[in-house]
Amino acid sequence: MSTTDGGELRVGLVGYAFMGAAHSQAWRTVNRAFDLPVQVRMTAICGRDPANVRAAADRLGWQSAMTDWRELVARDDIDVIDVCTPGDSHAEITLAALAAGKHVLCEKPLANTVEEASAMATAAAVARGSGVRSLCGFNYRRVPAVALMQQLIAAGRLGAIRHVRAAYLQDWIVDPEFPLVWRLQKDRAGSGALGDIGAHIVDLTQYVTGQRITGVSALTETFVRERPLPSVSSGLSAGADGRGLGRVTVDDAALFTARLDGGAVATYEATRFATGRKNALRVEVNGALGSLAFDLERLNELEFYDATRPGPEQGFTRILVTEPEHPYLAAWWPPGHIIGYEHSFTHQMRDFVQAIADGTDPAPSFEDALQVQLVLDAVLRSAGNDSAWTGVDPVLTTA
Ligand SMILES: NC(=O)c1ccc[n+]([C@@H]2O[C@H](COP(=O)([O-])OP(=O)(O)OC[C@H]3O[C@@H](n4cnc5c(N)ncnc54)[C@H](O)[C@@H]3O)[C@@H](O)[C@H]2O)c1
């Protein structure tokens with residue numbers, strides 16, 4: 001394990017906006033909620049603007065602030081690099097960090113292209129040989145109700161899986177005057193709703209079912225093709241700068257059908273144009289013996305239909321996922337005292353830190369995230385080819 005002799009894990013985080021704040025909250029909390037063999041030190045945070053990153057360090061609880069991620073990666077007193085920047089810098093920062101022997105947590109989607117994701121997965125596989133761990137930030141796996149869904153399916157409670165139905169709906173760019181932030185630019189984000197939120201439901205459904213997507217038929221749409229240039233290109237909010245319009249180069253919505261390797265069929269919908277839907281992630285799985293349904297807006301609950309129950313007792317049951325026996329919940333409050341969005345990140349850090357301490361590989365690995373990237377790539381190729389059926393290429397890493 002690459003930690004200091006005192007059992008510390010010294011973290012350096014790049015990017016201090018939305019995910020930077022969410023991850024900071026999790027790093028601050030993880031040793032207080034969970035009994036872990038090492039103590040996390042929030043050693044340094046990195047951003048490009050000196051005043052802003054200094055203010056972020058103070059606000060979020062970091063010991064030092066830096067403006068060059070290369071210097072951060074080169075520091076001897078850093079064990080972990082946490083990448084919370086837009087996708088166009090994931091590969092460069094991650095590859096440098098792995099080469100420097102740092103454990104890496106990289107936000108999703110892993111990269112902007114299959115080529116970058118493939119290079120990252122290969123580098124992670126090589127680094128694993130030296131005890132270096134890597135994790136991609138598909139945090140919704142760590143919502144207790146989602147983890148319970150995975151456990152119930154793995155235990156065979158649904159029998160053979162027939163259907164997967166997944167949607168991730170937002171509405172923050174419905175207004176055509178909303179500016180052209182980085183998430184709307186292909187060279188910065190890789191894709192639009194597809195990579196930003198579609199990637200989450202691809203990972204989540206493959207995780208809970210234990211099945212992988214083998215092929216897709218897709219369509220994408222860009223409803224607003226030009227937008228005002230932004231004054232600041234931050235993630236989900238920004239002002240226009242009055243310099244005119246720029247071209248939107250990503251999808252506003254992506255829809256696809258899919259086949260999974262265990263025999264299930266699936267539908268996926270990812271959009272930022274579902275007016276009134278702020279962050280609506282919903283997944284339903286139907287099997288021969290029952291069904292499970294999850295809704296992020298009610299994240300402490302899981303709906304379970306158990307078709308093996310006697311006829312008069314059948315019906316969807318609402319499980320309140322707050323019992324100490326439920327995944328991660330023993331660390332929190334008495335039953336019925338619900339948790340929130342930010343806990344998924346604390347759980348992610350818990351699993352990452354524990355894996356580093358144990359010398360095991362956390363999931364989702366970069367190979368897992370590369371496979372998601374291959375699905376995204378197949379979706380874009382299908383959509384660009386009149387929705388033709390398109391196979392998902394196999395994951396190939398050379399290490
Ligand atoms: N897991 C999730 O649920 C989730 C949610 C939102 C975003 N994300 C992912 O997290 C990543 C960041 O998204 P965000 O919403 O935090 O974006 P954001 O725009 O809110 O923040 C990006 C940060 O990166 C900084 N940055 C950009 N380029 C940099 C560079 N070269 N060096 C140093 N800092 C740099 C920016 O200054 C900013 O602080 C993206 O990959 C996104 O897809 C994941």
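Which residue in E5 does Ile-81 stand opposite? In this predicted model, Ile-81 stands opposite Val-104 in E5. The pairing belongs to a set of four bridges between E4 and strand E5, residues 103-106, and these two strands run parallel. On the E1 side, Ile-81 of E4 is the bridge partner of Gly-12. Strand E1 comprises residues 8-14, is joined to E4 by four bridges and runs parallel to E4. Strand E4 itself spans residues 80-83 and is covered on both faces. Val-80 and Asp-82 lie on one side, Ile-81 and Val-83 lie on the other, and all four are buried. In a regular strand, side chains alternate between the two faces of the sheet.

The ligand is surrounded by 24 residues, of which the closest are Met-19, Lys-108, Asn-139, Trp-182 and Arg-183. By residue class, the shell around the ligand consists of eleven nonpolar, eight polar and five charged residues. Oxygen atoms of the ligand take part in several polar pairs with the protein, and both backbone and side-chain atoms appear among the partners. For Tyr-16, a backbone N or O atom lies 3.0 Å from an oxygen atom of the ligand. For Phe-18, a polar backbone atom is 3.1 Å from a ligand oxygen atom. For His-200, the atom concerned is an N or O atom of the side chain, 3.1 Å from an oxygen atom of the ligand. On its own, the ligand has 850 Å² of accessible area, and the protein covers 91% of this. Helix H1 (18-33) and helix H8 (193-209) are the elements that contribute two or more residues to the shell around the ligand.

Tyr-328 is placed in the loop that lies between strand E16 (316-320) and helix H9 (341-358). The relative accessible area of Tyr-328 is 19%, and Tyr-328 therefore counts as buried, the cut-off being under 20%. When neighbours within four places in sequence are left aside, the contacts of Tyr-328 are Phe-34, Arg-142, Pro-144, Ala-147, His-347, Arg-350 and Asp-351. A further pair, Tyr-328 and Thr-346, is separated by 18 residues in sequence, and the C-alpha to C-alpha distance of this pair is 9.8 Å.

Technical notes. Residues numbered from 1 in each chain as written. Predicted model: local features only at pLDDT ≥ 70, side-chain atom pairs only at ≥ 80, totals over all residues. Heavy atoms only, no water. Near = heavy atom within 4 Å. Polar contact = N/O pair within 3.5 Å; in protein donor to acceptor, adjacent residues only side chain to side chain. Areas by Shrake-Rupley, 256 points an atom, 1.4 Å probe, with all protein chains shown as cover. Nonpolar A, V, L, I, M, F, W, Y, C, P; charged D, E, K, R; others polar. Buried < 20%, exposed > 50% of the residue type's maximum accessible area, 1.4 Å probe, protein only. Contact = heavy atoms within 4.5 Å. Pairing = 2+ DSSP bridges.
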